[in-house]
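Colleague: I would like to go through the reasoning behind the descriptions of this model. Please show it first.

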Number of protein chains: 2
Amino acid sequence: MLRMVRREDRASGLGGPRLSALSVLVFGGPLSLAGLAAAEQVSAPTMTRIVDGLVRAGLATRAPEPDNRRRVRIEATDEGRRLLDEGRRRRVRVVAERLARLADSERRAVERAVELLERAMR
Amino acid sequence: MLRMVRREDRASGLGGPRLSALSVLVFGGPLSLAGLAAAEQVSAPTMTRIVDGLVRAGLATRAPEPDNRRRVRIEATDEGRRLLDEGRRRRVRVVAERLARLADSERRAVERAVELLERAMR
DNA sequence: CACAAAGATTAGCATAGCTAATATTTCGAG
DNA sequence: CTCGAAATATTAGCTATGCTAATCTTTGTG
């Protein structure tokens, strides 16, 4: 999901992959390991260790699914949600400050270009 | 310099940091280790090892500077230049194909927005 | 000459990426 | 109902990247 670690993100103490996986859990809800690995385009063993780190840090929980105990259900904790919200606020603030330098009409032009690019790149 | 490894880059067999450092050498010319580390915003020991990899792969050379032998001069090889050019062609082609979906006026609107954002983010 | 400063490397640790091999649980065929 | 195959996750073992602290080499200076 997230693809880069920016200066504003480093305050969290988490590396990019953990932060990114956590954001999938927070904004997309609980997932199996395979689901999370697919969402992050990473192999299952790699995701196992990223989740290890999140669980150790108290940012996610891991428990076997009751229906099918081959699967694990990975879920963000409240602390994980809080950490991510703070990170997002920091990020948004940095970009918002810079966008505020543009005139209203210029900002509208940027919005329009974003729409065009989203359509073209899809 | 480069910040992400895209699908189109992986054909090179190089990871993001090596590819990125190589691009600095190719487009910016030879540099000392400290110079390259600063350009890539990475510590000197980290850059030492990235350069190790480039040299092992035959994509860069490392030699002591004759004037001041404390320094090393790191330079891209012809093979390094070739590899990077091919990667760039792949990348440019992917984006160009998608941009071709836009009408001329739309593409001009995107260009204008890029200028605005470059100014605002600086 | 002796010692400090500059520049690079080495040592040692953690995170992330991979593939191959190994549990563990579930399902299906007979 | 049992036994083997499939599904899912983890472990093992490798490489690459990131860091700081310690070291080595070269240069400059009192």
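Modeller: Copies are superposed by least squares on the C-alpha atoms of residues with pLDDT of at least 70 in both. The model is a predicted one.

Colleague: How do you know that chain A and chain B are related as by a two-fold rotation axis?

Modeller: Two copies of a chain are related by a rotation about an axis and a shift along it. Here a turn of 179 degrees and a shift of 0.0 Å along the axis lay chain A on chain B with an RMSD of 0.1 Å. The two copies are therefore related as by a two-fold axis.

Colleague: Which residue of chain A comes closest to the rotation axis?

Modeller: Ala113(A), whose C-alpha is at 3.1 Å.

Colleague: What makes you say that the copies meet through the same surface?

Modeller: Contact requires C-beta atoms, placed from the backbone, within 7 Å. On that basis 15 residues of chain A are in contact with 15 residues of chain B. Nine residues on the side of chain A come from helix 5 of chain A, the largest share. That side has ten nonpolar, no polar and five charged residues. Of the interface residues of chain A, 100% are also interface residues in chain B, so the surface is the same.

Colleague: Why are helix 1 and helix 3 of chain A called roughly perpendicular?

Modeller: Angles of 65 to 115 degrees count as roughly perpendicular. The axes of helix 1 (residues 16-28) and helix 3 (residues 44-56) of chain A cross at roughly 80 degrees and come within 10 Å. The two helices are therefore roughly perpendicular to each other. Helix 1 of chain A contributes Pro17(A), Arg18(A), Ala21(A) and Leu22(A) to the contact, and helix 3 of chain A contributes Ile50(A), Gly53(A) and Leu54(A).

Methods: Residues numbered from 1 in each chain as written. Chains lettered and ligands numbered in written order. Predicted model: local features only at pLDDT ≥ 70, side-chain atom pairs only at ≥ 80, totals over all residues. Contact = placed C-beta atoms within 7 Å. Helix = DSSP H or I, 4+ residues; strand = E, 2+ residues; numbered from the N terminus. Nonpolar A, V, L, I, M, F, W, Y, C, P; charged D, E, K, R; others polar. Axes fitted to C-alpha atoms, helices over the stretch in contact; angles between N-to-C directions. Parallel < 35°, antiparallel > 145°, perpendicular 65-115°, else oblique.
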